[in-house]
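Please look through the model shown below, and keep it in view while you read the explanation that follows.

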Amino acid sequence: MDELTFGWEEWVALPELGLPAIRAKVDTGARTSALHAHDIETFGPAAKPKVRFNVHPIAGREDIAITCSAPLVDRREVTSSNGESEQRYVIQTTLDVNGQSWPIEVTLTNRAGMNSRMLLGRQALADHITISATERRLQPELSYDVYHDARVRRVAPKRALRIAVLSREDNYSTRRLVEVGEARGHTVEVIDTTRCYMAINAMAPEVHYDGKRLPRYDAVIPRIGASITPYGTAVIRQFETIGTYCVNGSAGITASRDKLHAHQVLASKRIGMPTTAFAASPKDTSNLMALVGTAPLIVKLLESTQGKGVVLAETKKAAESVIDAFRGLKANFLVQDFVKEAAGEDIRCLVIAGKVVAAMKRTGADGDFRSNLHRGGSAKVVRISKEERDTAVRAARAFGLGKAGVDLLRSESGPKVLEVNSSPGFEGIEKATGKDIVGKLYDEIEARVKPQPVRKRKST
Ligand SMILES: Nc1ncnc2c1ncn2[C@@H]1O[C@H](COP(=O)(O)OP(=O)(O)OP(=O)(O)O)[C@@H](O)[C@H]1O
Ligand SMILES: [Mg+2]
Ligand SMILES: [Mg+2]
């Protein structure tokens, strides 16, 4: 390496931490370098622990915070210049100066007394560095502008994220979310939604789990089962209040879960769907059926899943008796035009971040008008038309869902949306299409939790 001369203060970069410019003081009295960090928190498996923390790279600009993560290499007792000793986490990272880079160890400290962002200790001042103690900034100047504009997005490293999957099930989808996330270096924790409990507090809303407050997650992936929608969405709402990025929001999950509510949302966006009607009073049954059209009709429970509450009534009489039966059970239902030409097939479009990333055609088991895979249907990859693609994207957007399974019927008058699932299973569609859908979901999460550019403050 070329010889470098350092004064008592220099511009350096820590690219792996997403800190492209920071001023560091040279401190030959210290062995290890130190970084002024906040919200220091360890995470990840015990065998490969990581630490994450926030750095305000610019002194006096506490509004600019960069979230960093790094592998944890040690925990050490460090005695600072004022003689006090504290336990500090030690990370390893790369130091960049004037086109050269070398590995250094850095301790993390959030002592208020430390007024420089970074101290460079002897270990970082490698053999090729000479110190000229009375001079400063002998190396090329760097600019803090990188923290102000869109460039900060590009310089941000693929930092390890801490992600929670809210799920009560150990199934293919949950396992894939853990495997794929961990293969990308993230830490993915599966959290039983119903075991989360909350302190609802205007100043410091929190989510607790198993006796402890949950840490700050970079992202929450909700996989809320239909049986716990109200509680599950309350947990998500709490994360939203804290400011955690949730792939699917609580409002969108709630609206899409209730088929009636969902159809009203779709209709308000003029998205095609089968003619649908509902009524509360038994006195209105025959008028209700007249609104939808002639038999055969579909009668559907509002909170059906896996096709369990979907009935095809071949005649008016049959429809009436199904409606009577549902009413007798105090079940909420809707009546829908039967889209015959769909012929027991529907199209599942998987929408991630406003794009259809995969589509499959599901065909019902012999003699079943329902195409659900859980009912013995089979799935094949399918090419969808532009109209179908647009419809699926608009349907997911109508509920603000970052991931959604949009089910369409192919009808004579174009695509008709049957429902929007906020926790679509990944197994059927990954197997049918051979696509890495979970990977696409992580692409989106990684893009979303990158530091946002900071707007320049107007000078007054
Ligand atoms: N109006 C309709 N016309 C024709 N077929 C329909 C209609 N409604 C539902 N089906 C068929 O029944 C299946 C199940 O309906 P739907 O998706 O509404 O119920 P579900 O219980 O929510 O199922 P899941 O959530 O598991 O997909 C559909 O995939 C479709 O094949
Ligand atoms: Mg459904
Ligand atoms: Mg469905």
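In which strand is the place of T93? The place of T93 is in strand β8, which covers residues 85-97; here helices (H or I, at least four residues) and strands (E, at least two) are DSSP runs, numbered from the N terminus. This is a predicted model, in which local features need pLDDT of at least 70 and side-chain atom pairs count only at pLDDT 80 or more, while totals for chains, interfaces and linings use all residues. Residues are numbered from 1 along each chain as its sequence is written, chains are lettered from A and ligands numbered from 1 in the order in which they are written, and side-chain values use heavy atoms, with hydrogens and water left out.

T93 is buried, with a relative accessible area of 2%, where buried means under 20% relative accessible area, exposed means over 50%, and partly exposed lies in between (1.4 Å probe, protein chains only). The side chain of T93 is joined to that of E16 by a polar contact of 3.1 Å. Such a contact is a pair of N or O atoms within 3.5 Å; within protein, one must be able to donate a hydrogen and the other to accept it, and residues adjacent in sequence count only if both atoms are side-chain atoms.

W8 is found in the loop between β1 (4-6) and β2 (9-14), and at 32% relative accessibility W8 counts as partly exposed. Although W8 and A133 are 125 residues apart in sequence, their C-alpha atoms are 5.4 Å apart in space. The pair E345 and D145 can be set beside this: E345 and D145 are 200 residues apart along the chain, and their C-alpha atoms are separated by 55 Å. E345 itself lies in strand β23, residues 345-352, and is partly exposed, with a relative accessible area of 27%.

We can turn now to the bound molecules. Which residues are the closest to ligand 1? Of the 24 residues that surround ligand 1, the closest are K259, S304, Q306, G307 and E419, where a residue is near a molecule or strand if one of its heavy atoms lies within 4 Å of it. The residues of this shell divide into eight nonpolar, eight polar and eight charged; Ala, Val, Leu, Ile, Met, Phe, Trp, Tyr, Cys and Pro count as nonpolar, Asp, Glu, Lys and Arg as charged, and the others, Gly among them, as polar. Because domain 3 (275-338) and domain 4 (342-448) both give residues to the shell, ligand 1 lies between them, the domain bounds coming from an automatic or database domain assignment.

Some side chains of the protein also approach oxygen atoms of ligand 1. A polar side-chain atom of K300 lies 2.8 Å from an oxygen atom of ligand 1, one of D346 lies 2.7 Å from an oxygen atom of the ligand, and one of E419 lies 2.6 Å from an oxygen atom of the ligand. Taken alone, ligand 1 exposes 610 Å², and the protein buries 96% of that, with accessible areas coming from the Shrake-Rupley method with a 1.4 Å probe and, for residues, only the protein chains shown counting as cover. The elements that give two or more residues to the shell around ligand 1 are β20 (297-301), β22 (333-337), β26 and β27, and the largest share, three residues, comes from β27.

E419, found in strand β27 (residues 414-421), also takes part in binding metal. Which residues are the protein donors of the magnesium ion called ligand 3? They are D407 (OD) and E419 (OE), lying 2.0 to 2.7 Å from the ion; donors are N, O and S atoms within 2.8 Å of the metal (3.2 Å for Na, K and Ca), and water is not among the atoms, so sites may look incomplete. D407 lies in strand β26 (residues 403-411) and E419 in strand β27, so the pair ties together parts that are 12 residues apart in sequence. D407 is buried, with a relative accessible area of 2%. E419 bridges the magnesium ion that is ligand 2 and the magnesium ion that is ligand 3, which lie 4.1 Å apart.

Two details of the backbone complete the tour. A cis peptide bond, with omega of about 0 degrees, joins A295 and P296, and P296 lies in the loop between α6 (285-292) and β20. R270, a residue other than glycine, has a positive phi near 55 degrees; R270 lies in the loop between α5 (259-268) and β19 (276-277) and is exposed, with a relative accessible area of 75%.
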